[in-house]
Structures are given as C-alpha cells and as structure tokens.
Amino acid sequence: MVTEDEFKDFMADVCTPVAVVTAMADGLPHGTTVGSLTSLSLRPPMVTIALDHRSGLLPKIRRAGRFGVNLLGAEQATTALAFATPAADRFAGVAWYPDEGLPRLRDAPGWLVCLPQRFVAGGDHVLLLGLVSRVGGTRGGAPLVYGRRTFGTHCALAPRQDFSITDQIAAFAR
C-alpha cells in the first residue's frame with residue numbers, strides 16, 4: 001500500500017498551474033487557491049478543478065450556479081498564499097471587481113467564467129466539471145506554477161540545435 005507521504009512526495013514533482021477560484025454568496029466574495037486546474041474538453045470548452053470536500057467554497061458555487069477562475073501570474077505568489085490560508089476575509093488587501101457577478105482579481109492575467117456541470121466525489125476531494133462560458137484577461141505573461149513545494153514559473157527549454165543529415169552521418173561514422 002502506498003503511504004500518504006510517498007504519494008505527496010511523488011506529486012510534489014508535478015508542476016501545476018496556480019489559480020484562485022471565486023464565487024459570490026450573500027453579496028460577499030469568496031475564493032480559494034487551487035493547483036488542480038486542468039482543461040477537460042475543447043468541444044464544449046470545459047475545465048476541472050478539485051476542491052477539498054470540506055471546502056466552504058463548494059456550497060457557495062452550488063448555490064451561485066457559477067464560478068470564476070483567476071489564473072495567477074508569476075508575480076502573484078503572495079496572492080496565492082493569501083487565498084490558501086484560513087482567513088476571515090481573503091479579499092482584504094487584494095484588488096478585485098465584479099465581473100458577470102463573480103469576483104475577478106484585478107491583476108490576474110487569465111480569467112474564466114464557468115458553469116458547474118457536475119460535482120464528482122473522489123476520496124477527500126470533489127472534482128468540479130465546469131463549462132467555460134467566457135475567457136478573458138491579458139494572457140501571454142509568465143504563469144505562476146507550483147512544483148517541488150515551491151512557487152515558480154515556466155520557462156522554455158533552450159532551442160535544440162538541428163544538425164544536417166551530413167553532420168549526423170559524420171557523427172555516426174566516428
């Protein structure tokens with residue numbers, strides 16, 4: 001049997017995008033940091049996120065019938081931490097505004113408006129399948145990612161040098 005620590009150590013080597021999922025309930029903004037944002041389908045456009053089954057955001061999304069996904073940029077690790085820790089008001093000190101009735105973080109470079117299609121229980125989490133009804137943001141900037149238990153960003157590998165067929169044959173002959 002795999003231990004929890006073995007599994008956590010393995011998954012620490014998997015880089016994930018960092019996003020803040022948001023919803024409005026009773027006129028107040030709510031949100032939490034996730035590292036589980038994944039594309040699910042192109043036709044129709046769908047994403048998945050996983051939330052702890054005890055998450056206070058889950059019932060708010062169910063009631064609202066929609067949720068926002070704020071994809072964070074490389075300079076937003078502090079924002080990710082603010083929404084990942086228990087706090088009375090995670091939005092204190094964070095610039096946001098309502099967009100289609102959902103809390104949108106002003107500096108987040110990516111934005112999705114989603115309609116929940118299904119809630120699927122899985123272990124200690126719930127997988128939320130969301131139909132994307134709108135995409136926005138500036139995109140193109142360096143994304144915030146989480147891997148090896150630290151925040152970072154993605155960078156391209158150095159371009160690979162392509163050798164001519166003559167060079168390859170000469171190298172093989174050596």
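**A three-stranded sheet, helix α2 and some unusual backbone spots**

Three strands make up an open sheet, running in the order β1-β11-β12 with antiparallel pairing. The edge positions go to β1 (16-17) and β12 (150-153), and each of these has a single partner strand, so one side of each is left without a neighbour in the sheet. All of this is read from a predicted model. Strand β11, covering residues 144-147, pairs with β12 in the antiparallel sense, and the pairing runs over 4 bridges. One residue pair can be named here: G147 has T150 of β12 as its bridge partner.

The loop between β11 and β12 is where R148 sits. R148 is not a glycine, yet its phi is positive, near 55°. What about its surroundings: is R148 buried or exposed? With a relative accessibility of 63%, R148 counts as exposed, because the cut-off for that label is over 50%.

A similar story can be told for D26, which is found in the loop between β2 and β3. D26 is another non-glycine residue with a positive phi, in this case about 55°. D26 is exposed as well, its relative accessible area being 73%.

Next comes helix α2, which spans residues 57-64 and has L57, L58, K60 and I61 as its buried residues. These residues cover an arc of only 165° around the axis, which puts them on the same side of α2. What do the buried residues of α2 pack against? Their partners are strands: β2 (19-25), β3 (28-34), β5 (46-52), β6 (67-71), β9 (110-122) and β10 (125-137). Just past the end of α2, G65 adopts a positive phi of about 70°.

K60 deserves a closer look. This lysine lies in helix α2, and it is buried yet has no salt bridge. How far away is the nearest side chain of opposite charge? That side chain belongs to D26, and it is 6.6 Å from K60, whereas a salt bridge calls for a side-chain nitrogen within 4 Å of a carboxyl oxygen. D26 is the loop residue with the positive phi described above. The K60 side chain does reach a backbone atom, namely the oxygen of G56, at 3.3 Å. Leaving aside residues up to four places away in sequence, K60 touches A23, A25 and H30.

Strand β9, one of the strands that the buried residues of α2 pack against, contains P116. P116 counts as buried, its relative accessibility being 18%, because the label applies under 20%. Which residues does P116 touch, not counting those up to four places away in sequence? The list is I61, G65, R66, F67, L128, L129 and G130. Among them, I61 is one of the buried residues of α2, and G65 is the residue with positive phi just after that helix. P116 and V20 are 96 residues apart along the chain, and their C-alpha atoms are separated by 16 Å.

Another proline stands out for its backbone. A cis peptide bond joins R43 and P44, with omega at about 0°. Where is P44 found? P44 is in the loop between β4 (38-41) and β5, and β5 is itself among the strands packed against by the buried residues of α2.

Conventions
Residues are numbered from 1 along each chain as its sequence is written. This is a predicted model: local features need pLDDT of at least 70, side-chain atom pairs count only at pLDDT 80 or more; totals for chains, interfaces and linings use all residues. Side-chain values use heavy atoms; hydrogens and water are left out. Buried means under 20% relative accessible area, exposed over 50%, partly exposed in between (1.4 Å probe, protein chains only). Helices (H or I, at least four residues) and strands (E, at least two) are DSSP runs, numbered from the N terminus. The arc is that of the directions from the helix axis to the C-beta atoms. Contact means heavy atoms within 4.5 Å. Lys and Arg count as positive and Asp and Glu as negative; His and the chain ends are not counted. A polar contact is a pair of N or O atoms within 3.5 Å; within protein, one must be able to donate a hydrogen and the other to accept it, and residues adjacent in sequence count only if both atoms are side-chain atoms. Two strands pair if DSSP finds at least two bridges between them.
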